[in-house]
Amino acid sequence: MGKEISRRSALGGMAAAVAAPTVFGSGSAWAQSGSTIKFGGSLGMSGRYAETGLNIRQGYETAIKFINEQKGGVEIGGKKYRVELAIVDDASDPARATSLIQRQVDGDVSFFLGSYGSNIVLPCAGITEAAGKLTVQVGASADQIFQQGYRNIFGFFPRASRAWVTSIEFFKSITPKPKSVSIIATNDAFSKANAQAAAAGCKEIGLQVLDVLELPEQVSDASSALATIRAKTPDILITTTVDQNSLVIVRQMIATDTSVPLLYQFLGPQLPMYRESLGAKATGVIMQLPWDAQIDSKDPIFGSTKAYIEYYNKNNTRALSYHTVGASACITTYVEAMRTAGGLDPAKVRNALAATNMSTAFGPVKFSPDGDGDAIVMGAKIGQVQSGKVQVVYPTDVKTADLIYPTPAWAKKS
Amino acid sequence: MNATLLLQTLVDGLILGGIFSLSAVGFSLIFGVLGVVNLAHGVFILAGAYLGLWLKGALGLDPLAAIPVVFLILAVIGGALQQTLVSAAIRRGSLMTSLLITFGASLILRDLLILAFGPDIQSLSSTWLLRTYHVGGVVIDGARATGLLASLVLLAVLAVALHAMKVGRAIRATAQQSFAAGLCGVDSNWIYMLTFGVSAGFAGASGIIIGMINPFSPFDDAYWTLNAFVTVVLGGIGSPVGALLGGLMLGEISTLSSQYIGPRFPNVFIFCALLLMLIVRPNGLLGNAYKASV
């Protein structure tokens with residue numbers, strides 16, 4: 001081979017590469033100045049949550065861009081402010097996230113936007129709460145976050161144990177009346193909390209819970225669980241798994257002819273990739289729908305959901321997800337709370353957030369006394385994949401299509 | 001005990017084991033010939049899946065038909081990695097240094113995959129996947145059975161190459177006694193590069209099959225590297241048959257423990273099996289295929 005790199009020159013090169021951003025600047029370091037509001041926080045922009053992290057980041061950036069470029073900033077207490085995003089990559093790692101958040105807390109950030117994943121948001125919430133800083137987030141709903149007595153954390157989803165109110169009502173409403181349910185979860189806080197809530201709710205309305213099957217956190221094979229499902233087939237199969245795991249399970253269900261009258265996948269079918277991957281087989285799958293593009297709501301910054309969608313699509317190529325809209329609505333909610341408070345005093349903004357009851361592009365926003373989304377006002381709708389598209393099938397007053405139930409067996413879908 | 005359920009579980013284990021064997025093919029070869037634990041192995045698998053995705057999108061090539069192309073591309077990348085980084089690391093440091101180097105390479109390659117394809121979950125589909133079969137009361141997952149067949153074919157190809165071809169003999173000779181092989185005219189540097197390249201090529205080919213069975217994202221690399229490592233430790237280093245046996249054992253442990261202990265426990269039993277094997281038979285079921293001759 002050619003001349004080898006000497007140790008000295010390699011070390012020198014690496015030192016120069018590390019020092020260069022410091023010398024030449026990696027972008028201006030905005031302080032919480034009198035004319036800029038800085039929203040801080042961390043997001044998993046790499047690591048296992050990167051896909052959703054990217055969706056959320058795009059939502060934040062869309063709102064920031066719109067406010068600064070289209071509105072020229074926001075007027076709060078008679079003063080004009082630009083808004084700035086100071087989000088750092090936590091690599092989907094709770095340990096890294098807490099370290100980064102602590103650094104921002106010690107710095108000049110007063111207003112935080114949450115990360116994605118209850119395992120990250122929970123420890124970070126402890127740090128921001130202890131420092132008296134505010135957090136509004138669209139990435140976590142584990143009960144533990146809202147049971148610590150924290151006053152400064154707000155979430156856009158009802159906590160996991162209350163996230164099933166609409167779904168349970170939906171199960172009560174469908175005919176023929178289902179008699180049994182089985183649940184597949186994974187061994188992590190989010191999935192287990194949702195599985196427990198789903199099981200409890202189903203029992204309350206008289207459904208027999210046949211099995212609650214808990215798989216490892218990363219699912220590569222669900223054959224044993226599906227063998228159990230084939231042996232004792234429920235009327236409803238619920239999976240409280242994250243997107244990738246949901247797709248593994250449903251693809252294996254198709255490959256093993258494991259059909260159920262109603263398949264409810266909490267997360268997964270919302271993604272265009274899920275529906276493209278399954279094609280016609282996706283028809284009939286039910287999901288929670290925190291947001292739907294067909295439902296137009298007023299928004300104090302963007303004007304309306306339709307206007308938001310139009311602006312987003314003009315400025316982004318990435319498909320719109322409910323996390324994106326929710327993330328933009330986090331900024332909207334913060335700004336409106338600051339306007340109500342008449343300034344940036346964290347205590348006053350906190351009280352304004354707690355009293356929020358408004359419409360955004362994401363839909364209505366109202367928080368419970370513990371800070372999670374109000375279970376009725378912010379409860380998810382029920383969606384169903386029909387011919388490759390997501391239709392709202394419940395509540396009936398906002399439905400965009402009739403429910404297909406019972407759904408045909410996999411082999412009959414083409 | 002329900003006999004049909006037991007049979008179903010055993011069949012599921014065999015099929016799952018096929019996927020594990022597939023993922024371990026290239027890893028076993030590098031470990032056996034070079035003595036390098038290639039922590040970039042999982043990323044090579046994913047790179048194969050992403051290349052298959054790209055070829056399907058750009059040229060309309062069915063993923064299974066894309067296997068030879070993906071094999072060649074990854075073979076070149078693997079060979080280049082070995083020549084530029086791995087061999088230099090071993091020369092300047094030690095075999096342990098290669099662990100760090102391949103780990104670093106995996107991080108860089110993973111980020112390159114994210115840059116090129118994004119962090120989103122993807123999946124592959126093929127019109128050539130087997131359909132579902134019902135035999136008695138047992139359901140055979142066609143997609144995963146395709147994975148088992150593919151792993152048998154790839155392993156057979158590798159076994160033929162190693163035992164029937166001149167270059168295969170040279171690889172085995174270098175693994176057993178590189179000095180003596182050199183005296184017989186074998187260029188060990190070239191053999192190491194070829195081995196790494198072939199292994200990366202096999203990883204990429206297996207990535208296409210895996211991508212058709214499971215959705216994938218750039219962050220799954222550690223999972224596949226770990227699976228390959230466990231498979232190789234169980235089955236034995238360097239041998240395609242060892243990779244097959246190790247994978248099948250892993251599959252059976254996974255499905256049997258899931259079915260009869262609990263679906264959240266397969267990882268516990270897999271690692272218990274790994275520990276047991278390391279204590280009782282550290283070289284795996286078939287031992288080290290390239291144990292150095294005296």
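Colleague: In this predicted model, what distance separates the centres of domain 1 and domain 2 of chain A?

Modeller: The model is predicted, so local features need pLDDT of at least 70, side-chain atom pairs count only at pLDDT 80 or more, and totals for chains, interfaces and linings use all residues. Residues are numbered from 1 along each chain as its sequence is written, while chains are lettered from A and ligands numbered from 1 in the order in which they are written. The domain bounds come from an automatic or database domain assignment. Taken over C-alpha atoms, the separation of the two centres is 29 Å.

Colleague: How many residues does each of these domains of chain A give to the contact?

Modeller: Two residues are in contact if their C-beta atoms, placed from the backbone, lie within 7 Å. On that criterion, domain 1 of chain A gives 10 residues and domain 2 of chain A gives 7 residues.

Colleague: Why does the largest nonpolar core lie between domain 1 and domain 2 of chain A?

Modeller: A nonpolar core is a set of buried Ala, Val, Leu, Ile, Met, Phe, Trp, Tyr and Cys residues joined through C-beta atoms within 7 Å, buried meaning that 20 or more other C-beta atoms lie within 10 Å of a residue's own. Among the 212 residues of the largest such core, those touching the most other members are A:Cys330, B:Ala47, B:Ile208 and B:Val232. The core lies between the two domains of chain A because residues come to it from both domain 1 (36-157 + 295-366) and domain 2 (162-289 + 380-412).

Conventions:
A residue is buried if 20 or more other C-beta atoms lie within 10 Å of its own, exposed if 12 or fewer, and partly exposed in between; C-beta atoms are placed from the backbone.
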